[in-house]
Every structure is written in structure tokens, then in C-alpha cells.
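Q: Please take a close look at a single helix, its end, its surroundings and the strands that follow. Please give the cut-offs as the terms come up.

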Amino acid sequence: MRTDLPTKPCALCARVITWRKKWERSWEQVKYCSDACRRAARSNDPQLVERALEQAMLALLASGTDSICPSQAARHVRPDDWRTWMDATHQAARRLVARGAIEITQAGRVVDPMLAKGPIRLRLPR
């Protein structure tokens with residue numbers, strides 16, 4: 001892969017999108033890495049959005065960030081109406097905790113997702 005080409009993250013899953021010649025005139029409008037990400041971002045199907053939220057959380061954490069706010073994943077998946085999807089975002093985070101993929105923290109300490117009140121952060125297990 002050439003390293004001199006421009007790149008940017010997919011707005012949904014945060015995968016790296018590398019510039020292509022066919023996007024020469026529309027590079028600024030390219031937001032998604034695939035048709036599946038584009039469909040999920042436009043869909044109001046809760047299952048597609050929840051799956052996209054899980055993928056976004058894992059991708060954001062895999063990018064080297066120590067921890068993220070759940071709203072960051074919601075903003076990636078649904079930038080225009082992310083607030084309405086915050087309950088689904090918290091549910092997706094709880095599913096990932098149940099699978100052992102992430103931890104939910106408050107004040108730097110791991111908390112039980114069912115007992116957490118107030119602001120939370122998500123991180124990969126340590």
C-alpha cells in the first residue's frame with residue numbers, strides 16, 4: 001500500500017479509507033468505507049444501528065485511544081441525530097461488556113454496567 005496517498009476514517013466504523021483516482025473530484029464527500037456502512041448510517045433499523053454502534057466502539061478503541069465516551073460512537077454512526085440513539089449506545093456497550101470485549105469505567109474504575117449512574121467511559125479490558 002502506498003503511504004503517500006491521503007486517508008481518512010470511515011464515519012461509521014472508523015476503518016481507514018485511502019484516496020482513489022475515481023474520487024479525485026469528490027474526495028471531500030467520501031464518508032463511508034463500504035455500501036454496508038452507508039446503509040447502516042442511513043437506516044433506522046435498530047438492529048443495523050446497534051451493530052454499527054458496537055463496531056464503532058471497538059474501532060475507536062482499537063485506534064489507540066485509551067478510553068472513549070459512548071457519545072463518540074453515537075456521533076460516528078448517527079451524526080445528525082446521535083442523541084436519540086444514546087440508549088441504544090449504552091445497550092450496545094453493555095452487550096460488549098457481557099462478551100468481555102470492553103469495560104465500562106467511572107472515575108477510572110471498572111463498574112457494573114447495570115449499576116452505573118452518571119457519565120461513563122469505555123475502554124478495552126486490561
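A: Helix α4 is followed by glycine 100, which has a positive phi, near 80 degrees. Helices here are DSSP runs of H or I of at least four residues and strands are runs of E of at least two, both numbered from the N terminus. The model is a predicted one, in which local features need pLDDT of at least 70 and side-chain atom pairs count only at pLDDT 80 or more, while totals for chains, interfaces and linings use all residues. Residues are numbered from 1 along each chain as its sequence is written, and side-chain values use heavy atoms, with hydrogens and water left out.

The helix itself covers residues 86–99, which makes 14 residues. From its first C-alpha to its last it reaches 20 Å, close to the 20 Å expected at 1.5 Å a residue; the expected span is 1.5 Å times one less than the number of residues.

Its buried residues are Met86, Ala88, Thr89, Ala92, Ala93 and Leu96. Buried means under 20% relative accessible area, exposed means over 50%, and partly exposed lies in between, with a 1.4 Å probe and protein chains only. The buried residues of α4 are on the same side of the helix because they cover an arc of only 155 degrees around the axis, the arc being that of the directions from the helix axis to the C-beta atoms. An α-helix has 3.6 residues a turn, so residues three or four places apart point the same way. Asp87 and Ala98 are exposed, on the face of α4 turned away from its buried side.

The buried residues of α4 pack against two helices, α2 (46–62) and α3 (70–77), and two strands, β4 (103–106) and β6 (121–123). Contact is taken as heavy atoms within 4.5 Å. For alanine 93, leaving aside neighbours within four places in sequence, the contacts are Met57, Ile102, Ile104 and Leu122.

Alanine 93 also appears in the largest nonpolar core, of 23 residues, where it is listed with Leu53, Met57, Ile68, Val77, Ile102 and Leu122 as having the most contacts inside the core. A nonpolar core is a set of buried Ala, Val, Leu, Ile, Met, Phe, Trp, Tyr and Cys residues joined through side-chain atoms within 4.5 Å. The elements giving two or more residues to this core are α2, α3 and α4, and α2 has the largest share, with seven residues. Another core lies apart from it, with eight residues, including Cys10, Trp23, Tyr32 and Ala41.

Next come the strands. β4 and β6 belong to an open sheet of four strands in the order β3-β6-β4-β5, with antiparallel pairing. Strands count as paired if DSSP finds at least two bridges between them. β3 (67–68) and β5 (109–110) stand at the edges with a single partner strand each, so one side of each has no neighbour in the sheet.

Both faces of β4 are covered, since Glu103 and Thr105 on one side and Ile104 and Gln106 on the other are all buried. β4 pairs with β6 in the antiparallel sense over three bridges. Within this pairing, glutamate 103 stands opposite arginine 123 in β6, and threonine 105 stands opposite arginine 121 in β6. Arginine 123 counts as buried because its relative accessibility is 11%. Outside four places in sequence, arginine 123 has contacts with Leu61, Asp66, Ser67, Ile102, Glu103, Thr105, Gly108 and Val110.

The pairing of β4 with β5 is also antiparallel, over two bridges. Threonine 105 has valine 110 as its bridge partner in β5. In the hairpin of β4 and β5, with two residues between the strands, alanine 107 takes a positive phi near 55 degrees. Most residues other than glycine have a negative phi. Alanine 107 is exposed, because its relative accessible area is 71%.

Two cysteines can be added to this account. Cysteine 69, at 26% relative accessibility, is partly exposed, and cysteine 33, at 29%, is partly exposed. With a disulfide taken as a pair of cysteine sulfur atoms within 2.5 Å, the count comes to zero disulfides.
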